[in-house]
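Q: Please take a close look at one part of this model and then show me how it sits in the rest of the chain. I'm after the metal site.

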Amino acid sequence: MHEMAVTQSIFSTVLDYAEKNDASRVLKVNLKIGKITGVVGDCVKFYFEVMSKGTLAEGARLEIEEVVTKARCYSCGQEFEIKDNFDLVCPNCSNFGAEILSGKELFIESIEIERNLVENQNRAD
Ligand SMILES: [Zn+2]
């Protein structure tokens, strides 16, 4: 799957942010992953752990929120949750075809870092 490429871009964003903000380490990364993206959270966690070894992000906790896929029927306007990515049949009117409303998300919601205050004070002196 494409988890490795996805994790690579998440990782570089996190590291970039940590470096720009004088972080001593990254504590936590909150991610939102839409189910329809097909990205497996556990794979992202695994790759992140591997990539972050020896960096500011080593040991950071990855919090992944999976967003369910919601769609609106083209025919009757009924909103429903898609359990299977290929099942776009409306439960109300049985029409096939719906607009995807949510679940395509794939982004970093927030990053929590720890700043090394002592080191910063020494540097100021
Ligand atoms: Zn319908």
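What geometry does the site of the zinc ion have, going by the angles among its four donor atoms?

A: It's tetrahedral: the angles among the four donor atoms of the zinc ion run from 106 to 113 degrees. The label takes four donors with all angles between 85 and 135 degrees; four donors would be square planar, and six octahedral, if opposite donors were over 155 degrees apart and all others between 65 and 115, and anything else is irregular. For reference, the ideal angle for four tetrahedral donors is 109.5 degrees.

Some ground rules before going on. This is a predicted model, so local features need pLDDT of at least 70 and side-chain atom pairs pLDDT 80 or more, while totals for chains, interfaces and linings use all residues. Residues are numbered from 1 along each chain as its sequence is written, and side-chain values use heavy atoms, with hydrogens and water left out.

The zinc ion is held by sulfur: the SG atoms of C73, C76, C90 and C93 coordinate it at 2.3 to 2.4 Å. Donors here are N, O and S atoms within 2.8 Å of the metal (3.2 Å for Na, K and Ca), and water is not among the atoms, so sites may look incomplete. Along the chain, the donors are spaced as C-x2-C-x13-C-x2-C. Take C73 and C93, a pair that links distant parts of the chain, 20 residues apart: C73 is in strand β3 (residues 69–73), and C93 is in the loop between β4 (79–82) and β5 (98–102). Helices (H or I, at least four residues) and strands (E, at least two) are DSSP runs numbered from the N terminus.

These two cysteines also differ in cover. C73 counts as buried because its relative accessibility is 3%, whereas C93 is partly exposed at 33%. The cut-offs are under 20% relative accessible area for buried, over 50% for exposed and partly exposed in between, using a 1.4 Å probe and protein chains only.

C73 turns up again in the packing: a separate core of seven residues includes A71, C73, L88 and A98. A nonpolar core is a set of buried Ala, Val, Leu, Ile, Met, Phe, Trp, Tyr and Cys residues joined through side-chain atoms within 4.5 Å.

In the loop that carries C93, have a look at S94, which lies between β4 and β5. Its phi is near 65 degrees, a positive value in a residue other than glycine. Most residues other than glycine have a negative phi. S94 counts as exposed because its relative accessibility is 55%. D22, in the loop between α1 and β1, has a positive phi too, near 50 degrees, and is partly exposed at 39%.

Now zoom out. The protein has three helices and six strands, running α-β-α-β-β-β-β-β-α from the N terminus on. Its radius of gyration is 20 Å, well over the 14 Å that the globule rule gives for 125 residues, so the protein is more spread out than a compact globule. That radius is taken over C-alpha atoms, and the rule is 2.2 Å times the number of residues to the power 0.38. The C-alpha trace spans about 70 × 25 × 15 Å along its principal axes. Of the 125 residues, 32% count as buried.

The largest nonpolar core has 20 residues, and I10, V14, V26, V29, V44, F48 and A57 have the most contacts inside it. The elements giving two or more residues are α1 (3–20), β1 (23–34), α2 (41–52) and β6 (106–115), with α1 giving the most, six residues. Beyond residues up to four places away in sequence, V14 touches V26, V29, F48, A57, I108 and I111, where contact means heavy atoms within 4.5 Å.

Two more residues show how the chain folds back on itself. V39, in the loop between β1 and α2, counts as buried because its relative accessibility is 6%. V39 and E3 are 36 residues apart in sequence but 6.0 Å apart in space, C-alpha to C-alpha. E65 sits in strand β2 (residues 61–67) and is partly exposed at 40%. Outside its neighbours within four places in sequence, E65 contacts L31, K32, I33 and E109. On the whole-chain scale, 71% of the contacts with a separation of 6 or more are between residues 24 or more positions apart.
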